[in-house]
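Dear colleague,

I am passing on the structure we spoke of, with some notes on what came out of it. Please read them with the coordinates open beside you.

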Number of protein chains: 2
Amino acid sequence: MIYTPKEEIINRTDKLRTLMGRASLDGAFFHYKIDYFYLSGTMQDAFLYVPLNGEPKLFVRREMRRARRESPLSDLIPLRSLETVKAHIGNPRRVGFQLDVMPYNFVMRFQKLLGDVELVDVSPLIIDLRKIKSPFEVGLMDKAAAIAGKVYEKIPEVLREGMTEIELGGILEAYAKTLGHEGLLRTRSLIFEAYTWHILSGKTGSIVSQMNSPLGGLGMSPAFPVGASRKKIRRGEPIMIDFGICYHGYQVDETRMFAIGHMPERFADAYEACREIHYRVLDKALEGVSCSELFQYSVELADRMGYGDYYLGYTPHKVNFLAHGIGIEISEPPFIAAKMDYPLLEGMTLAIEPKMVFPRQGACGIENTVLIEKDRYRVLTRMDEKIIVVD
Amino acid sequence: MIYTPKEEIINRTDKLRTLMGRASLDGAFFHYKIDYFYLSGTMQDAFLYVPLNGEPKLFVRREMRRARRESPLSDLIPLRSLETVKAHIGNPRRVGFQLDVMPYNFVMRFQKLLGDVELVDVSPLIIDLRKIKSPFEVGLMDKAAAIAGKVYEKIPEVLREGMTEIELGGILEAYAKTLGHEGLLRTRSLIFEAYTWHILSGKTGSIVSQMNSPLGGLGMSPAFPVGASRKKIRRGEPIMIDFGICYHGYQVDETRMFAIGHMPERFADAYEACREIHYRVLDKALEGVSCSELFQYSVELADRMGYGDYYLGYTPHKVNFLAHGIGIEISEPPFIAAKMDYPLLEGMTLAIEPKMVFPRQGACGIENTVLIEKDRYRVLTRMDEKIIVVD
């Protein structure tokens, strides 16, 4: 087991406090587990209170011993009821709460408990903070990327004509788990689920679903309408394998193209166009231009190469993003997307995924998880980028 | 693909309207996908409005063609923004909204849009409705149970000394997917995740985690602290395999005990006690007593058999439930638990799971998904209940 080091938690908390001070917050609560894991090192059922000054307090419902082992915080308090929280926080007047994810009923109950304390959405602060990854976090993402690499190397051994997409997905996920993959990808929503097993072959690559993605796949049923399906994989189809890996909570996202027998020329050509867009956009990102400009630049590149109708989906299903930040959530800022008027900065990690979708035929594209460094970028997902064709 | 039949949707909607009428609602919105799937047949990104009178309206963000194929509703409207919703609902004064799961910010935004419409929590109504399963729903759970049966039958073929818990979990999940298992178990919470791969061997069976469960397992890391771990499975350990299956959105939950070489006597005995509690409680349920009485009865049975210290966990980690309802969510009413003062009724499905946990040694127990019928019950998960010992 790897535990989050104490200095890491102190650094994150200090930075959060700077943001809290600017927002005139006397303290902030975190009960959505992704964020309190970031600030405490544990995901045991808990409630974290970070005062503007003084030690953070972690109220733990269960299991206290595991929470102590996992968290370097020193002030852990058994949580019997929300009253416990109230009794320990003094008299803040304006406090942060995760109003973007906490259910309405829960917030109202909490508001009633706290009386005339003003609750303010603190999620924008913590999400902003999480955009810049520390070397410790990058190390975990590097490990996730190494697992992803091994999973992709396994594909030529197991891919065969006639197997279903979901069968291949299951085999890859089972293998990934033996290497340390944790099985779930996490999103800040009850409505959008991220599945690991996005394997789309031939025309399922052109099927759209509820996700905000240029392609969704057929999925398994109306109740699972995204990702791999029971469709059999055939010779001469483009096979897109978009497989996220999670290690110690940190995720990487990666896409490579495969085929059995041969890759149709149209898809091979479009794949090269995707690679070109991928690298030209990253080069441009180092010039410090804004993400919305990068997005526009990518659209222009696709247009010039003759892929305007297919780039990031076809009308009316085109999407407005080329890359999503990634870390302890599969999709988080920064986004290379329309209207995102900020540059990419050192320490940001993002999954960049130029994809082309051809109606009724299929999709192709590439995706890498990339770290922005000083004056350069580093591709964490280092799997070879050639199209893999097996017999 | 199986689509929800029109009569099914009509029946559910009619019953909902009866409850809405009693609650003086002019209409109700559903945006949490589990519930609008139940009422519409689709999980495409959508917003459902059920007026007290008149046709339900399904506002679909994307993808309209799939929504039309999946849903028997006739009034499907492209959803461009929330304004679209407002323009189509007339002038209700008091409407339901899913205030238990919809985030605070979203509710406030919606409230602002609707002006002086009163928003009332509608979730208790839909959850109440979902407690009674139709024959169509039971049919899907039967299919899920059949998949579970095949997965359990596979275990003796693949279980071997020295493999890790997560390795076994991955193999079983990969196999389950080839049979139609959809990979995720769904909970009405962003905080508690349900994993399929709960495989606990020896002492990991005595490890508690953030879930409200007598046992949690070690999990993979502080970020995935529940379920199977990298611990190797050894000879002579109790191996608890608690494996949920999801088919067309419908879930079953099941637990069986395995060992390599031999099962320690203490666990074999405790397993028989669990079986006895399981069946005696179900027999008693047919007498129409309340769930809280059933729970108390089970505690008394365990005490009398000498398992008071271990039944449903050890102090301070004992839990207060013996069974959870199950359907399109892994845990939903009814609950055989303290304070649940309602009887079990025909058409209810629940996963009953008496388990004993021995500190630092491990756990054992049984779990079946059961349907309550008229004057009898039917165990859907029909896998043999003998302890399986492999060489």
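**A strand pair, its sheet and the interface**

In this predicted model, B:Glu373 stands opposite B:Arg376, a residue of β18(B). The strand β17 of chain B, which covers residues 368–373, pairs with β18(B) in the antiparallel sense over 4 bridges. Both strands belong to an open sheet of 5 strands in chain B, with antiparallel pairing and the order β13-β12-β14-β17-β18. The edges of that sheet are β13 (332–337) and β18 (376–379) of chain B, each of which pairs on one side only, and the twist from one strand to the next averages 30°.

Turning to the two chains, the contact takes 73 residues from chain A and 73 residues from chain B. The area buried between them is about 6,000 Å², with carbon and sulfur atoms giving 61% of it; on the side of chain A, the residues that lose the most area to chain B are A:Arg62, A:Leu190 and A:Pro222, which together account for 13% of what that side buries.

As for polar interactions, the rule finds 6 salt bridges across the interface of chain A and chain B, and B:Lys33 and A:Glu193 meet through their side chains in a salt bridge at 3.0 Å, N to O. Across the interface there are also 40 residue pairs in polar contact, both residues at pLDDT 80 or more. Among the elements of chain A that give two or more residues to this side are α2 (33–40) and β9 (245–247), while α8(A) gives the most, with 8 residues. The residues of this side divide into 35 nonpolar, 21 polar and 17 charged.

With best wishes

Conventions. Residues are numbered from 1 along each chain as its sequence is written. Chains are lettered from A and ligands numbered from 1 in the order in which they are written. This is a predicted model: local features need pLDDT of at least 70, side-chain atom pairs count only at pLDDT 80 or more; totals for chains, interfaces and linings use all residues. Side-chain values use heavy atoms; hydrogens and water are left out. Two strands pair if DSSP finds at least two bridges between them. Axes are lines fitted to C-alpha atoms, for helices over the stretch in contact, and angles run from 0 to 180 degrees between N-to-C directions. Contact means heavy atoms within 4.5 Å. Buried area is the accessible area (1.4 Å probe) that two parts lose on being put together, summed over both. A salt bridge is a side-chain nitrogen of Lys or Arg within 4 Å of a carboxyl oxygen of Asp or Glu. A polar contact is a pair of N or O atoms within 3.5 Å; within protein, one must be able to donate a hydrogen and the other to accept it, and residues adjacent in sequence count only if both atoms are side-chain atoms. Ala, Val, Leu, Ile, Met, Phe, Trp, Tyr, Cys and Pro count as nonpolar, Asp, Glu, Lys and Arg as charged, and the others, Gly among them, as polar.
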